Amino acid sequence: MRSGGNERGDVGEVVLTTGYARVDGTLSCEGVPLDRIAGQVGTPTYVYSAAMVRDRYARLDDALAPLPHRVHYTLKANSNAAILRLLHELGAGVDVVSGGELFRAARAGFRGADIVFGGVGKSEVELAAALDAGVLLVNVESEAEVRTLDRLARARGVVAPIGVRVNPEVTVDSSHRYIKTGEKGAKFGIPFDEVLAVAQLVSDLEHTTLIGLDMHIGSQLFRLDPYLDGVERLVGLLRQIRGAGIETVRYLDIGGGLGVSYDDEESPDLRRFVHGLVPLVQPTGLTLLMEPGRFIVGNSGMLLTRVLYRKHSGGRDFLVTDAGMTELIRPSHYDAYHRIEPVASPTGSMKADVVGPVCESGDFLALDREMPEVNAGDLLAVHDVGAYGYVMASNYNTRPRGAEVLVDGDRFAVVTARESYDDLVRLELDHPEWRTS
Ligand code: LLP
């Protein structure tokens, strides 16, 4: 019998064909028990369900069907090559924010036309690489960037396709102030009242052309009105831009940010969302682009960690695990909640701080957490780490980054090997060359 699982609403006797569920008491990913993966690959290990990634992509793509659109998956959430290849097979485009992500996207098979290039601080080398790759568009965030692109494009004898990232200056209700981006005074985008002038500049310069308007208002969003307000403001701008005789805009990029459930939040209603979008976007004739990251991969990932010690101190129970802020920084950085449960059949109950091995008091996965009874040696699963998990991992305390595993049906494969100590010192020079000029 299967029970539990990641899909709220599918809990109980329902047989889950995707995601995570208990099979004969043991937590499993699709057809693979998680203790088998930990036994063969060790811990800490990130596990991803291919079926869940496929499911989320299809849900969003289907929901957007009433509009001409393309889903450009955001690499920053999880840039693992196996995930990228999977999304490439499904027909996704991508959104990249650095030369490194551009490199990864190309390696995974994405062509220039599949790629949107964004980011608040792109270097000249990165902008040149974007032009050389023939990206669909570069979302610019300042006038200076427009002028740099014009110069680089001129040198290459091309015209740079540009989207202007607008700060729509809407109020968002994201779970943490670090992941809001579209409010007045944010470092991102071009202030709303300066957009028309920048659009005019892009249109006037010989080697740039304005093909998109873009926004991204924040991450982990549940209320959809700020999105729709932002879109409305972008459409208003489009009208002014067209009114100024600029007829080249073809894309409306509304960014990422769709919230996912980490606890018992209700996922945004995609049908309602699209229902709200259609009357705004359809009359413009533009193709809608979205840049989701978390929505596609967030719930698909699980972090497997072993309990090293159980100890008691100052009236509290501590579970010291072999993963911590180096593997998942979200709890300490954003006060983020991630469900944690034993992989084996849960019994009893306790309240514990689940803490990592790193020498920092802020190194924890959960504080004051009610959970089943857990002891040293037990295997724990930390839920919903598919987005902003591995990509934000660090080597602090000279800790090698864990392995990444993809599960597909009843098979699994290591898709990123565990780092070795040698990997960690590979770039250090034992005999540095001293320079005096
Ligand atoms: N587009 C742009 C321009 C972005 O800045 C982001 C995320 C996305 C798309 C994708 O947003 P998503 O659909 O994943 O919400 N590390 C934080 C989240 C930072 C998000 C940064 N930008 C966290 O762990 O919650």
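A residue counts as buried when its relative accessible area is under 20%. In this predicted model, Val-47 has a relative accessibility of 0% and is therefore buried. Val-47 belongs to strand 5, which spans residues 45–49. Beyond its neighbours up to four places away in sequence, Val-47 touches Tyr-20, Cys-29, Leu-34, Ile-37, Ser-300, Gly-301, Met-302, Leu-304, Val-405 and Val-407. One of these contacts, Ser-300, is separated from Val-47 by 253 residues in sequence, yet the two C-alpha atoms are 8.1 Å apart in space.

The domain assignment of the protein chain places residues 2–48 and 298–424 in domain 1, and residues 118–292 in domain 2. A distance of 35 Å separates the C-alpha centres of the two domains. Nine residues of domain 1 and eight residues of domain 2 take part in the contact between them.

Two further residues were examined for burial. Arg-165 is located in strand 10, residues 160–167. The relative accessible area of Arg-165 is 10%, so this residue is buried. Its contacts, with residues up to four places away in sequence left out, are Val-140, Glu-141, Thr-181, Phe-188, Gly-189, Ile-190, Asp-214 and His-216. Ser-79, by contrast, occupies a loop, the one between strand 6 (69–74) and helix 3 (81–90). With a relative accessible area of 10%, Ser-79 is likewise buried. When residues up to four places away in sequence are not counted, Ser-79 touches Leu-84, Arg-104 and Val-391.

Helix packing was considered next, beginning with helix 2. The axes of helix 2 (residues 50–63) and helix 9 (residues 270–281) come within 9 Å, with a crossing angle of roughly 30 degrees. Angles under 35 degrees count as roughly parallel, and helix 2 and helix 9 are therefore roughly parallel to each other. The crossing of this pair is right-handed. On the side of helix 2 the contact involves Arg-59, Leu-60, Asp-62 and Ala-63, which meet Leu-270, Arg-271 and Val-274 of helix 9. By class, the contact of helix 2 with helix 9 comprises four nonpolar and three charged residues, with no polar ones.

Helix 2 also packs against helix 3. The axes of helix 2 and helix 3 come within 11 Å and cross at roughly 40 degrees. Helix 2 is therefore oblique to helix 3. This crossing, too, is right-handed. Ala-50, Val-53, Arg-54 and Tyr-57 of helix 2 meet Ile-83, Leu-86, Leu-87 and Leu-90 of helix 3. The residues in the contact of helix 2 with helix 3 are seven nonpolar and one charged, and none is polar.

A third helix pair consists of helix 5 (residues 124–133) and helix 6 (residues 143–156), whose axes come within 10 Å and cross at roughly 50 degrees. Helix 5 and helix 6 are therefore oblique to each other, and their crossing is right-handed. Helix 5 contributes Glu-124, Leu-127, Ala-128, Leu-131 and Asp-132 to the contact, while helix 6 contributes Glu-145, Thr-148, Leu-149, Arg-151, Leu-152, Ala-153 and Arg-156. Six nonpolar, one polar and five charged residues make up the contact of helix 5 with helix 6.

Backbone geometry was also examined. Most residues other than glycine have a negative phi, and most peptide bonds are trans. The peptide bond between Thr-43 and Pro-44 is cis, with omega at about -10 degrees. Pro-44 is situated in the loop between helix 1 (34–41) and strand 5.

Positive phi values occur at two aspartate residues, Asp-24 and Asp-335. For Asp-24, phi is near 50 degrees. Asp-24 lies in the loop between strand 2 (20–23) and strand 3 (26–29). The relative accessibility of Asp-24 is 67%, so this residue counts as exposed. For Asp-335, phi is about 55 degrees. The loop that holds Asp-335 runs between helix 11 (330–334) and strand 17 (340–342). Asp-335 is exposed as well, with a relative accessible area of 65%.

How values were computed
Residues numbered from 1 in each chain as written. Predicted model: local features only at pLDDT ≥ 70, side-chain atom pairs only at ≥ 80, totals over all residues. Heavy atoms only, no water. Axes fitted to C-alpha atoms, helices over the stretch in contact; angles between N-to-C directions. Helix = DSSP H or I, 4+ residues; strand = E, 2+ residues; numbered from the N terminus. Parallel < 35°, antiparallel > 145°, perpendicular 65-115°, else oblique. Left-handed = near helix turned anticlockwise from the far one by under 90°. Contact = heavy atoms within 4.5 Å. Nonpolar A, V, L, I, M, F, W, Y, C, P; charged D, E, K, R; others polar. Buried < 20%, exposed > 50% of the residue type's maximum accessible area, 1.4 Å probe, protein only. Domains from an automatic or database assignment.
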